[in-house]
Amino acid sequence: MNKITIIGNLTRDPETRTVSSGSTVCSFTVAVNRRHTQKGQPEADFFRVSAWNKLGDVCQQYLSKGRKVAVVGAVSVSSYEGKDGATRFSLDVN
């Protein structure tokens, strides 16, 4: 079973788009603070979240930057090349 529960704050307002199949998807990023700090600075992990169809519509209506949210879903890891040419990884929750 692949299931994760995160509680954190939205880093920006959600964005909704329609995919080619006609479904809508609402995307946003959640910052989850860690319990410890490094060199006096708090650390956080960032998760990209995708909410589909009716759930996505509700997220778009009620969520905004800075709001605290709880998200439950399946997690996956994807990689991409950053602007500096380095390979980066992203944690995605659906």
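**Exercise 1. The surface around Leu91**

Task: Is Leu91 buried or exposed, or does it fall in between, in this predicted model?

Solution: Start with the relative accessible area of Leu91, which is 32%. Buried would call for under 20%, and exposed for over 50%. Leu91 is therefore partly exposed. Next, place the residue: Leu91 belongs to strand E7. Finally, look at its company on the surface. Together with Val77 and Phe89, Leu91 makes up a nonpolar patch. The accessible area of these three residues together is about 310 Å².

**Exercise 2. Space in the largest pocket**

Task: How much space lies in the largest pocket, and which residues are closest to its centre?

Solution: Take the volume to begin with: the largest pocket holds about 210 Å³ of space. Then turn to the residues around that space. The lining consists of 13 residues, and those closest to the centre are Arg12, Ser27, Phe28, Thr29 and Arg48. Now ask which elements supply the lining. Two or more residues come from each of strand E2 (15-18), strand E3 (24-38), strand E4 (41-52) and strand E7 (87-93). E3 gives the largest share, with four residues. As a last step, sort the lining by class: five residues are charged, four are polar and four are nonpolar.

**Exercise 3. A salt bridge between strands**

Task: Which residue forms a salt bridge with Asp92, and which parts of the chain does the pair tie together?

Solution: The partner of Asp92 is Arg48, and their closest N and O atoms are 2.9 Å apart. Asp92 sits in strand E7 and Arg48 in strand E4, so this pair joins parts of the chain that are 44 residues apart in sequence. Now compare the cover on each side. Asp92 has a relative accessible area of 12%, so the residue is buried. Arg48 reaches 46% and so counts as partly exposed. Arg48 should also ring a bell from the pocket exercise, being one of the residues closest to the centre of the largest pocket.

**Exercise 4. Other salt bridges**

Task: How many salt bridges does the structure hold, and which residues are linked in a network?

Solution: The total is four salt bridges. The network links Arg34, Glu43 and Asp45. Within this network, Glu43 pairs with Arg34, with 2.9 Å between the closest N and O atoms. Check the accessibility of both partners: Glu43, at 17%, is buried, while Arg34, at 38%, is partly exposed.

Then take the pair of Arg88 and Asp84, whose closest N and O atoms are 2.8 Å apart. Arg88 has 35% relative accessibility and is partly exposed. Asp84 is at 55%, and because exposed means over 50%, Asp84 counts as exposed.

**Exercise 5. Separations along the chain and in space**

Task: What separates the C-alpha atoms of Met1 and Ala70, and those of Ala44 and Val77?

Solution: Begin with Met1 and Ala70. These two are 69 residues apart along the chain, and their C-alpha atoms are separated by 19 Å. Met1 lies in the segment before strand E1 (4-10). With 98% relative accessibility, Met1 is exposed.

Move on to Ala44 and Val77, which are 33 residues apart along the chain and have C-alpha atoms separated by 17 Å. Ala44 is part of strand E4. Its relative accessible area is 30%, so Ala44 is partly exposed. As for Val77, you have already met this residue in the nonpolar surface patch with Phe89 and Leu91.

Methods
Residues are numbered from 1 along each chain as its sequence is written. This is a predicted model: local features need pLDDT of at least 70, side-chain atom pairs count only at pLDDT 80 or more; totals for chains, interfaces and linings use all residues. Side-chain values use heavy atoms; hydrogens and water are left out. On a 1 Å grid over the protein atoms alone, a cavity is a set of points where a 1.4 Å probe fits but cannot get out, and a pocket is an open set with protein on both sides within 12 Å along at least five of seven lines; lining residues have an atom within 4 Å of a point. Grid points are joined across faces, edges and corners, and a volume is the space filled by probe spheres set on the points. Ala, Val, Leu, Ile, Met, Phe, Trp, Tyr, Cys and Pro count as nonpolar, Asp, Glu, Lys and Arg as charged, and the others, Gly among them, as polar. Patches are made of residues with over 30% relative accessible area and no salt bridge: like charges are joined within 9 Å, nonpolar side chains (Val, Leu, Ile, Met, Phe, Trp, Tyr) within 5 Å. Accessible areas come from the Shrake-Rupley method with a 1.4 Å probe; for residues, only the protein chains shown count as cover. A salt bridge is a side-chain nitrogen of Lys or Arg within 4 Å of a carboxyl oxygen of Asp or Glu. Buried means under 20% relative accessible area, exposed over 50%, partly exposed in between (1.4 Å probe, protein chains only).
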